[in-house]
Amino acid sequence: MEITFLGTSAGLPTKERNTQTIILSLAPIDNTFWLFDAGEACQHQILHTNIKLGKLDNIFITHLHGDHIFGLPGLLTSRSFQGGENKPLTLYGPAGIKTYIETTLSISGSHLNYPIEIVEIEDGDVLHINQIKVTIKKLNHGIDSFGYRLQFPDTQGNLLSDKLIHSGIMPGPIYQRFKTQQTVDFEGVIYETKDYRLPDKPGKVVVIFGDTMPCETEIELAQSADVIVHESTYLDGDLDLSHKYYHSHIDDVAKLVSESKVKKVLINHVSNRYNLEDIARLKEMIQITYPEMNFEIVKDFDSFEI
């Protein structure tokens, strides 16, 4: 799996960074993409990648501020002409997202050539999509803003071929049955297949946060996650100022990572007042202040394997 950032600025685009858009590639679990938020011009950003809109089958909106949704109508209509014809799409977002989409498409005379389902989410919702459990929690941002915790399925442990051979079971089609069945009847003997596999590898946990200031539900969502994507609108300066606007400061992010035992944090939604040179300089300072924190301050088009 791979996560790609198509926009990393907060509030407004800059000459170097676009507004919020995140793409999650589900390969090898599934040959599809999920989109999280759709900042202005996100369809143009996608043109600079190998992402195909026809393979985009789920969109998740964290909240309805413009820097997270102004690119959505254009993206939806472009999908009609870029491989999406007759391919269903499901869109999840806070209350109001259905009105926003239907109104925008209607007054612009736009028509989609594929079925779209719009699901308005609530705090505590749990979705099951393609074996992926998606837990949704409300954050603290002044308007309804949500975080999505993605629990991926466990990966089956490899076969212990030496042990199978020692038991007189030679390589062949029978091995596939040891991979897919709980028991196998071989030459009149019933074998428990779990005894011939390494332990399953726990599925990855990825959390995508909407904009927020610190709150209890953040800790619930982030607990023991492999990767979280979290805003840090403020990389320096006054902590109280960030909270005044219901945003997070880098000190908030560091505290969350420590308390929740997060393995890695990808920091986005960085204020448009910072240019890339500022961000590089501040990153060095943050590394000194929080040497235990495994983090990246992401740039547009950065990709990370999960």
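Here are some exercises on a predicted model of a protein chain, each with a worked solution.

**Exercise 1: Getting an overview**

Find out how many helices and strands the protein chain has, and what share of its residues count as buried.

*Solution.*
- Start with the elements: the chain holds ten helices and 18 strands.
- Next, the extent: along its principal axes the C-alpha trace spans about 70 × 55 × 35 Å.
- Now burial: 49% of the 306 residues count as buried.
- Then look at what faces outward. The chain exposes about 14,800 Å², and carbon and sulfur atoms supply 50% of that area.
- Finally, check the contacts with a separation of 6 or more: 62% of them come from residues 24 or more positions apart.

**Exercise 2: Counting charges**

Work out how many positive and how many negative side chains there are, and how far apart the centres of the two sets lie.

*Solution.*
- Count each kind: you get 27 positive and 42 negative side chains.
- Take the centre of each set, and the two centres turn out to lie 5 Å apart.

**Exercise 3: Into the core**

Which residues of the largest nonpolar core touch the most other members?

*Solution.*
- A bit of background helps: in soluble globular proteins, nonpolar side chains tend to be buried together.
- The largest nonpolar core has 27 residues, and those touching the most other members are I3, W34, F36, V134, Y148 and L150.
- Ask which elements feed this core. Among those giving two or more residues are strand 1 (2-7), strand 4 (33-38), strand 9 (132-138) and strand 10 (146-151).
- Zoom in on W34. Leaving aside its neighbours within four places in sequence, W34 is in contact with residues including I22, L24, F60, I129, V134 and L150.
- Don't stop there: a second, separate core has 26 residues, including F209, I228, V265 and I297.

**Exercise 4: A threonine in a loop**

Decide whether T233 is buried or exposed, and say which side chains it makes polar contacts with.

*Solution.*
- Place the residue: T233 sits in the loop between strand 14 and helix 8 (239-244).
- Compare its relative accessible area with the cut-off. T233 has 7%, so it counts as buried, as the limit is under 20%.
- Look for polar partners. The side chain of T233 has a polar contact of 2.6 Å with the side chain of E231, and another of 3.2 Å with the side chain of H247.
- Widen the view, leaving aside neighbours within four places in sequence: T233 is also in contact with residues including A10, S248, H269 and Y274.

**Exercise 5: A tyrosine and a helix**

Which residues does Y114 contact, and how many residues of helix 3 are buried?

*Solution.*
- Locate the tyrosine: Y114 lies in the loop between helix 4 (97-107) and strand 7 (116-120).
- Check its burial. Y114 has 5% relative accessibility, so it counts as buried.
- List its contacts beyond four places in sequence: L76, R79, S80, G84, E85, N86, K87 and L89.
- Pick out E85. Y114 and E85 are 29 residues apart in sequence, yet 5.2 Å apart in space, C-alpha to C-alpha.
- Pick out L76 too: its backbone oxygen lies 2.7 Å from a polar atom of the Y114 side chain.
- Turn to helix 3 (residues 72-81). Eight of its ten residues are buried, so helix 3 is largely enclosed by the rest of the structure.
- L76, R79 and S80 are among those buried residues.
- Just after helix 3, G83 takes a positive phi of about 90 degrees.

**Exercise 6: Backbone oddities**

Which peptide bond is cis, and what is the phi of A41 and of F301?

*Solution.*
- Check omega: the peptide bond from A27 to P28 is cis, with omega near 5 degrees.
- P28 belongs to the loop between strand 3 and strand 4. T32 is found in the loop between strand 3 and strand 4 as well, and T32 is buried, with a relative accessible area of 12%.
- Now phi: A41 has a positive value near 70 degrees, and A41 isn't glycine. Its place is the loop between strand 4 and helix 1 (42-46).
- F301, also a residue other than glycine, has a positive phi near 75 degrees. You'll find F301 in the loop between strand 17 (295-297) and strand 18 (303-305).
- Last step, exposure: A41 is partly exposed at 36% relative accessible area, and F301 is partly exposed at 37%.

Technical notes:
Residues numbered from 1 in each chain as written. Predicted model: local features only at pLDDT ≥ 70, side-chain atom pairs only at ≥ 80, totals over all residues. Heavy atoms only, no water. Helix = DSSP H or I, 4+ residues; strand = E, 2+ residues; numbered from the N terminus. Buried < 20%, exposed > 50% of the residue type's maximum accessible area, 1.4 Å probe, protein only. Contact = heavy atoms within 4.5 Å. Areas by Shrake-Rupley, 256 points an atom, 1.4 Å probe, with all protein chains shown as cover. Lys, Arg positive; Asp, Glu negative; His and termini not counted. Charge placed at Lys NZ, Arg CZ, Asp CG, Glu CD. Core = buried A, V, L, I, M, F, W, Y, C linked by side-chain atoms within 4.5 Å. Polar contact = N/O pair within 3.5 Å; in protein donor to acceptor, adjacent residues only side chain to side chain.
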